[in-house]
2 protein chains.
Amino acid sequence: MALENFMTKTAITPTRAQDYSQWYQQVIKAADMAENSVVRGCMVIKPYGYGIWEQIQATLDKMIKDTGHENFYCPIFVPLSFLEKEAAHVDGFAKECAVVTHHKLTTNANGELQPDGKLEEPLIIRPTSEALIGEMYSRWIQSYRDLPLLYNQWANVVRWEMRTRIFLRTSEFLWQEGHTAHASSDEALAETKLMLQTYVDLVENHLAIPLYYGEKTASEKFPGADITYTIEALMQDNKVLQGGTSHYLGQNFAKAFNIKFADKDGSEKYVYTSSWGVSTRLIGSLIMVHGDDDGIKLPPKIAPLQVCILPLLKAGQDNEAILTAAHQLSTTLQQTNYQGKNIRTKVDTRELRPGEKAWSWVKKGVPVRVEIGQRELESKQVCISLRTQAYGMKQFMALDDFIANITQILTDIQNSMFNAAQQNLHKQTQEISSKDEFYAFFQNNGGFALAPWIDEPQSEQQIKQDLKVSPRCVPLTHIDKVGTCIFTGKTGARYTLFARAY
Amino acid sequence: MALENFMTKTAITPTRAQDYSQWYQQVIKAADMAENSVVRGCMVIKPYGYGIWEQIQATLDKMIKDTGHENFYCPIFVPLSFLEKEAAHVDGFAKECAVVTHHKLTTNANGELQPDGKLEEPLIIRPTSEALIGEMYSRWIQSYRDLPLLYNQWANVVRWEMRTRIFLRTSEFLWQEGHTAHASSDEALAETKLMLQTYVDLVENHLAIPLYYGEKTASEKFPGADITYTIEALMQDNKVLQGGTSHYLGQNFAKAFNIKFADKDGSEKYVYTSSWGVSTRLIGSLIMVHGDDDGIKLPPKIAPLQVCILPLLKAGQDNEAILTAAHQLSTTLQQTNYQGKNIRTKVDTRELRPGEKAWSWVKKGVPVRVEIGQRELESKQVCISLRTQAYGMKQFMALDDFIANITQILTDIQNSMFNAAQQNLHKQTQEISSKDEFYAFFQNNGGFALAPWIDEPQSEQQIKQDLKVSPRCVPLTHIDKVGTCIFTGKTGARYTLFARAY
């Protein structure tokens, strides 16, 4: 296929405009990131998708440790009786959980393998671990000296989703869940907010995704939380994705699991707890915020591969000098520091036509492609293509200049991706002051609507039914501001962000 | 408690000599590494134990990637019908697996929560993933160009063990499992051996545990493997622990799951596969190989904390200069490279008596402790204690010399730990040439017995019944040597290592 052909078509069919949902599936397939498993509702995260998760993990794990938390690992099973102890909690998860009832398989009279060895008490595969950890903390915490307890785990969890979509909603997913216990409400609240800010830092500064963040409204809170903080991001179809949550659990779990400590004055008190998590869902938001009709586009900071080097080899010729130059450049970049780590590079020596080869990296969203052929070798240049620019746009640079400027090039790409997404976010956000305006906004393009709202079920159900819109959060930027509710006309309404959500 | 008291007693009760099994449990408790969960057969890996696992993971993950493998993630569920496809495989795992049969909980007439939403097909929580991955590879592999496929995953697995012991045998454990597919038998065998050597490198050179390694005998092979390679280590009670295995699966899974490829000549062939894994069990071997009656002793390369700095503070005095010096030393060491990473340090400023404080780090097995008090400050010295030396043995060093020599000190500790364990391994290994000698060896202290043996069930069952001894492996060092079977008198017997095993 000639280069011209590539330039006039897009890699992904259908395009975003044609069918956003199908486009999303095709982008994942084109980049070979993940696929639906034959196991109902579960996904297989393939190496390229998992490589992105490893980058997110490494970045966030450092942040979690730098803020004084330690990793641990808890069992995957939650006994049914534990889950029941917190009433709101079990209500939230009973409808969608995987239940282990037997511990072996034996062959029946017909020669068929069947579950056998019935358990006395069914075990639930953790949908989240508050209930299990509550029991542990009640034993581990005795005195104020044991507080705060600041633990986190990286784990898989299972929620039996009926309608699944890769990365966004799957029966099993990977995440981290932090669980902390504190002597005072203030301290637990400060922790909850600190982890919210940590997620904002991760998502805005590393995933290049601009956010709104704030408090969840009553119906959208975590089952068992007093306050849930959330980060919310706008996708290109103007729907929004909840990217992570941080919960102030008050004394709800402390009372349900009897987590008490002897305070300095000798009195016995319940602790205050928090929990917080982000998941492989973030990969879905990366695709939907940054992707275009050529595929995914990865921000350099979390791209598994930041620079791909493509030697332009000619059949039947001596290509050794070109290959040597390509590998030398790769080694040099791998010794260059970007964001505290060595630059991640690869030399692609596959036997493919140059256009086909370049195109495969476009679809994988690699930020920088570098071509080196005979011409570049002779002129001591390289030919650079950026994923953030249209396919076919190339610039020639002196090799030495490229090496000297690579960290700046990556920084510029990272910033330009964030800025583009932020521009879109602002464009699609509207402050709304009447119900009519609200309906018109969502009957047209939609996006984020900011409006004063009295948090109550009636109007919430109405807009869900009429417009498929739900309250996303009371943004922290507006946390102290009140107005007149656009639905009920009542005063003292909090400024709330509404959107259609994934 | 005065220092003298610490010096005349040991931290762990009972001692190894008194009750090895109880000693093991108490070492884990004293170092706060893990505990039995209320969830049957499962463990909670606490931060210090998990920190060791993170070091092992980071080390092995790099080795796995450096040998061309990529990480991915597969679902936790294996449909029952998949597990059944390889006959030996299902036989091996059916007796001890967690079975998910329902996908929700609902309240019955008595107000009790009960499993509901019965699944059409039961799902097994992976005891290992060959069966699930077999199905995937059959779709992913079409042509010789897709080979080799070199994937690995870090995951939790569940095997419903009836008698459990922390780290050694638990219903859920953490591990990595590599799964590769190849065009030829030779290539798959080379991969299997490469990963065996990788495990030898990890365990000998990082965990400082000397090994025997070789082929498993017929009854000890992985269910579904043609050849299982194993690493076997000697504990201080002269029992041995299998530390990891690498399986050559031949075409067994390829045929069960129809994994075929079109070769260069166009013909359709079955692939050859391998799988290999090590688990959190390795932490158990660290404890049992290196621990003493004061607790665990960690080799520097995988110790979560390599140097602990203990400022000797005096109540009612100005301790600022001492604290500053302690933190300065910590920062300096954290910028010092040992084994390609920064040295891991901590300044312990807890309000505890110096002896109590030091003792807590002894029990956690930290390789080097450094005390800095007024005296050291004035003389520009530090006071060093090594975990490999008896408690109370201290040496004063000029601060500058300590900083200049720290990497050498850590290297020496690492080597001395390996050498001590290797000396013991050699001492406890005996070449045996008759049945009487074999019985005498195991009726006394036992250890590793090397003897020519014809691999057959009768003698194997006999020694298991009489001595609780089993064949561990045919060591690669003796793979081509044969002799006369000490039980049957038959010639052509392979040299086999026997031991009592965990």
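Chain B can be superposed on chain A with an RMSD of 0.0 Å by a turn of 180° and a shift of 0.0 Å along the axis, the fit being by least squares on the C-alpha atoms of residues with pLDDT of at least 70 in both copies. This is the relation of a two-fold axis. The same surface serves both copies, since 100% of the contact residues of chain B recur in chain A; residues are in contact if their C-beta atoms, placed from the backbone, lie within 7 Å. Within chain B, the residue that comes closest to the rotation axis is V100(B), at 2.1 Å (C-alpha).

The model is predicted, so local features need pLDDT of at least 70 and side-chain atom pairs count only at pLDDT 80 or more, while totals for chains, interfaces and linings use all residues. Residues are numbered from 1 along each chain as its sequence is written, and chains are lettered from A and ligands numbered from 1 in the order in which they are written.

Turning to the domains, chain A is assigned domain 1 (20-290), domain 2 (305-408) and domain 3 (429-499), with bounds that come from an automatic or database domain assignment. The centres of domain 1 and domain 3 of chain A, taken over C-alpha atoms, are separated by 28 Å. Their contact takes 15 residues from domain 1 of chain A and 18 residues from domain 3 of chain A. On the domain 1 side, strand 9 (212-215) and strand 10 (227-234) of chain A each supply at least two residues, and strand 9 of chain A gives the most, with 4 residues. Helices (H or I, at least four residues) and strands (E, at least two) are DSSP runs, numbered from the N terminus. By class, this side of domain 1 of chain A has 5 nonpolar, 5 polar and 5 charged residues; Ala, Val, Leu, Ile, Met, Phe, Trp, Tyr, Cys and Pro count as nonpolar, Asp, Glu, Lys and Arg as charged, and the others, Gly among them, as polar.

Helix 13 (residues 399-427) of chain A invites a closer look. At 1.5 Å a residue, its 29 residues should span 42 Å, and its end C-alpha atoms are 39 Å apart, which agrees; the expected span is 1.5 Å times one less than the number of residues. Helix 13 of chain A also bends by about 60° at N405(A), the bend being the angle between axes fitted to the seven residues ending there and the seven starting there. Its buried residues are F402(A), I406(A), L410(A), I413(A), Q414(A), M417(A), F418(A) and A421(A). A residue is buried if 20 or more other C-beta atoms, placed from the backbone, lie within 10 Å of its own, exposed if 12 or fewer, and partly exposed in between. The cover over these residues includes helix 7 (185-206), helix 9 (281-290), helix 10 (320-334), strand 16 (337-338), strand 20 (381-386) and strand 21 (395-398) of chain A.

Some backbone details also deserve a mention. Most residues other than glycine have a negative phi, and most peptide bonds are trans. In chain A, the peptide bond from L147(A) to P148(A) is cis, with omega near -10°, and P148(A) sits in the loop between helix 6 (130-140) and strand 7 (149-158). In chain B, the bond from T13(B) to P14(B) is cis, with omega near -5°; P14(B) belongs to the loop between helix 1 (3-8) and helix 2 (20-30).

F167(A), a residue other than glycine, has a positive phi near 70° and lies in the loop between strand 7 and strand 8 (172-182) of chain A. With 26 C-beta neighbours inside 10 Å, F167(A) counts as buried. K380(B), also not a glycine, has a positive phi of about 55° and is found in the loop between helix 12 (374-379) and strand 20 (381-386) of chain B. K380(B) is exposed, with 11 other C-beta atoms within 10 Å.

Definitions and conventions: Contact = placed C-beta atoms within 7 Å.
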